[in-house]
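Here is a short briefing for a reader new to this structure. Start with the view below, then follow the points by topic.

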Amino acid sequence: MSLERDAVLERELEPVISMKRVLSSAVVAAWGVFLILLVLRGGARRYISPGYIWLVLVAGALMVVIGAVLWAGRKVPHLDADSPWHEMECRCRSRYLPGAGELAAIVILTIPLVAVAVVPAGQLGAFAAQQKGLTVADSDGAGSAPVPPDESSADLLPSPPPPELQGATRALSMREIVYAAAFERTEQDEQIRAGDTVSVIGFVSRPDPRRPEKVVATRFLVTCCVADAMPIGVELRGAGMAGLKDDMWIKVTGQIGWPARDSYDITKGFPTPWMTVEGLEETPAPDDIYVY
Amino acid sequence: METAQLTPEIGESQASPAQVLWPRLTAIGALIVAVIATGWVMSLRDSTVAQTFVVIFVSIVIQALPFLLLGIILATLVQRFMNESTIARVARLRAPGRYAIAAVAGVGVPACECGSVPIARSLADKGLQPGVAVTHMLAAPIINPLVLASTYIAFKGTGMGWQMTLARSGFGVAIAIVAGVLVEKFAPESLRPQDCDSHEEHLHGARSMLSAIGTDLISLGKFLVIGAAAAALIQTLLPRGFLLTIGSNFVIATATMMLLAVILSLCSSSDAFVAASLRQFTPASQLSFMLLGPMVDLKLVPLYSGVFSRRVVAIIVGTAVGGTILSAIAMAAVTG
């Protein structure tokens, strides 16, 4: 009798069953497809560090498989009244209709997908840099008057750059410059000195919106995902800085500088390096928006 | 004819009119909310605030989802393949032994904090005392090899690589054990009733396992999304720069770092790099950031509440906060 009842139940409620199955499998598979496309189209680097991308790809593939399995459905066994699961079965509204909780879960899970579809080009910029705050210490002291270019050159270390670097402009990454300000070396152990002429790419941000002349060429350093992004940058010193628009990507060339070693406590934070700007041009955003 | 007799019976036992109507009304309501929300977001699509929120929100979900999936897969494997007598042997051990084993077993779990939540539920389902499962859940994200290595590498440059790694794992395990003991003592009814489909986990075969994984992913994924949204909202609207300028005094620095850990909701495999970069903070307050973050943050608390009772969640939060403060004081006494 129970077998007959099950057979009838399956047949009678089949159209209802598919509603639950379709919604569950659709949301899981949609996430899987989204993750795979994100990786294959190169968009994943806008959200997470490249080191984790393979994990996202594997997760995406698995979710597509899981979505397909949910779509195909599964055999729901008949539960006897003395089955330990029977009480739970009865407490649930139905094993065929999606309950309010399940529907809510499915809707909630689609929200990030909708958000990405609606705001596709989201990236951290000047606003986020201001909100997150530069994690390196402010070299000329928070709230003090901006240092004019001619005064700033007096802060440079007196040692001249080595002859092989004189006259040469070295293209450095923001990470290298910030590292150099603390250690006077690149991470590849090449020497950099205050006074060297370098070029670097970053976007325009302002630590304090009330001081439009104080501009920092900024990049975000991402360790794991954008949630842990930290702004790093070089303060730009020179005329005309107030006219630069926030979020504009620029390539700046000039002499770099940083405070003398004995003028700050490194345990309180890295100093913010500065640059006496000699050349500035607008440039397209780099392929990698963030530094990893 | 037989069908005609059976159908009303089935209709009564499976779905009354109200039971059929309610999900449909909910679906329509959810759809209306989704349409309104989409329209609202559309109107904000060019706003910097909305773009910043979306990118942080989605990045937290994308980063945590693979780990949640990994945790659910491991949990399902535990459910299906782990010998109940092995768990029973651990469960029968005297109190210090079973907590110590549960905590140290975290070394073998390559999952971050999101993944350890379903594993803990699975262990509790298999007969491990929920308190012991909580100890495992809290300890695993702090002492797994990935996290230990990243902590050492992050602090190597400051000359405190070993001290930080040892302090983090030692204090982390201690807090996890205390929380587990408290859960066992004060929250005997600690597991939340399971979702409707979870009974299918007892079925065999790869297909039913994948199906159960999918159901769990939907069930726990919603908590991850809610938590990520809360973390992204606060990150977008609260100027962190302000918090970072007040970090010199021990009490304020520790409180600030604990608050940041909760708000940022970082993965435990990466939080050490962020802590190490905040050099204006003392080692003790950096430690507090790395201890509290993997146990309590805006994405974890909703996840916990999907699995455990409110009382258990309260015990976990209370113990983690209290334990972190005591650990920071001990660290400050040593490092000055």
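Start with a helix contact in chain B. On one side, helix 14 of chain B brings Pro283(B), Ala284(B), Leu287(B), Ser288(B), Leu291(B) and Leu292(B). On the other side, helix 16 of chain B brings Ala320(B), Val321(B), Thr324(B), Ser327(B), Ala328(B), Met331(B), Ala332(B) and Thr335(B). By type, the residues of this contact divide into 10 nonpolar, four polar and no charged. The model is predicted.

**How the two helices pack**

- Helix 14 of chain B covers residues 283-292, and helix 16 of chain B covers residues 310-335.
- Their axes lie 8 Å apart and form an angle of about 155°.
- Angles over 145 degrees count as roughly antiparallel, so helix 14 of chain B is roughly antiparallel to helix 16 of chain B.
- The crossing of helix 14 of chain B and helix 16 of chain B is right-handed.

**How helix 14 of chain B is covered**

- Is helix 14 of chain B mostly covered or mostly uncovered? It is mostly covered, with nine of its 10 residues buried.
- The buried residues of helix 14 of chain B are Ala284(B), Ser285(B), Gln286(B), Leu287(B), Ser288(B), Phe289(B), Met290(B), Leu291(B) and Leu292(B).
- Which elements cover these buried residues? The cover includes helix 7 (130-143), helix 8 (145-156) and helix 9 of chain B. It also includes helix 12 (250-264), helix 13 and helix 16 of chain B.

**Salt bridges in chain B**

- Over all chains, the structure holds 10 salt bridges.
- Arg121(B) and Asp216(B) join their side chains in a salt bridge, at 3.0 Å from N to O.
- This pair links distant parts of the chain, 95 residues apart. Arg121(B) sits in helix 6 (residues 113-125) of chain B, and Asp216(B) sits in helix 10 (residues 206-237) of chain B.
- Arg121(B) counts as buried because its relative accessibility is 9%, under the 20% cut-off.
- Asp216(B) is buried too, with a relative accessible area of 8%.
- Asp271(B) and Arg168(B) form a salt bridge between their side chains, at 2.8 Å from N to O.
- Here too, distant parts of the chain are linked: the two residues are 103 residues apart. Asp271(B) belongs to helix 13 (residues 271-277) of chain B, and Arg168(B) belongs to helix 9 (residues 161-186) of chain B.
- Both Asp271(B) and Arg168(B) are buried.
- Helix 13 and helix 9 of chain B are also among the elements that cover the buried residues of helix 14 of chain B.
- Which residues are linked with Glu113(B) in a network of salt bridges? They are Asp297(B) and Lys299(B).

**A salt bridge in chain A**

- Arg210(A) and Asp208(A) meet through their side chains in a salt bridge, at 3.1 Å from N to O.
- Is Arg210(A) buried or exposed? Arg210(A) counts as exposed because its relative accessibility is 70%, and the cut-off is over 50%.
- Its partner Asp208(A) counts as buried, at 18% relative accessibility.

**Chain A as a whole**

- How many helices and strands are in chain A? There are seven helices and six strands.
- From the N terminus on, the elements of chain A follow the order α-α-α-α-α-α-β-α-β-β-β-β-β.
- Chain A has 292 residues, and 51% of them count as buried.
- Among contacts in chain A with a separation of 6 or more, 75% come from residues 24 or more positions apart.

Terms used: Residues numbered from 1 in each chain as written. Chains lettered and ligands numbered in written order. Predicted model: local features only at pLDDT ≥ 70, side-chain atom pairs only at ≥ 80, totals over all residues. Heavy atoms only, no water. Axes fitted to C-alpha atoms, helices over the stretch in contact; angles between N-to-C directions. Helix = DSSP H or I, 4+ residues; strand = E, 2+ residues; numbered from the N terminus. Parallel < 35°, antiparallel > 145°, perpendicular 65-115°, else oblique. Left-handed = near helix turned anticlockwise from the far one by under 90°. Contact = heavy atoms within 4.5 Å. Nonpolar A, V, L, I, M, F, W, Y, C, P; charged D, E, K, R; others polar. Salt bridge = Lys/Arg side-chain N within 4 Å of Asp/Glu carboxyl O. Buried < 20%, exposed > 50% of the residue type's maximum accessible area, 1.4 Å probe, protein only.
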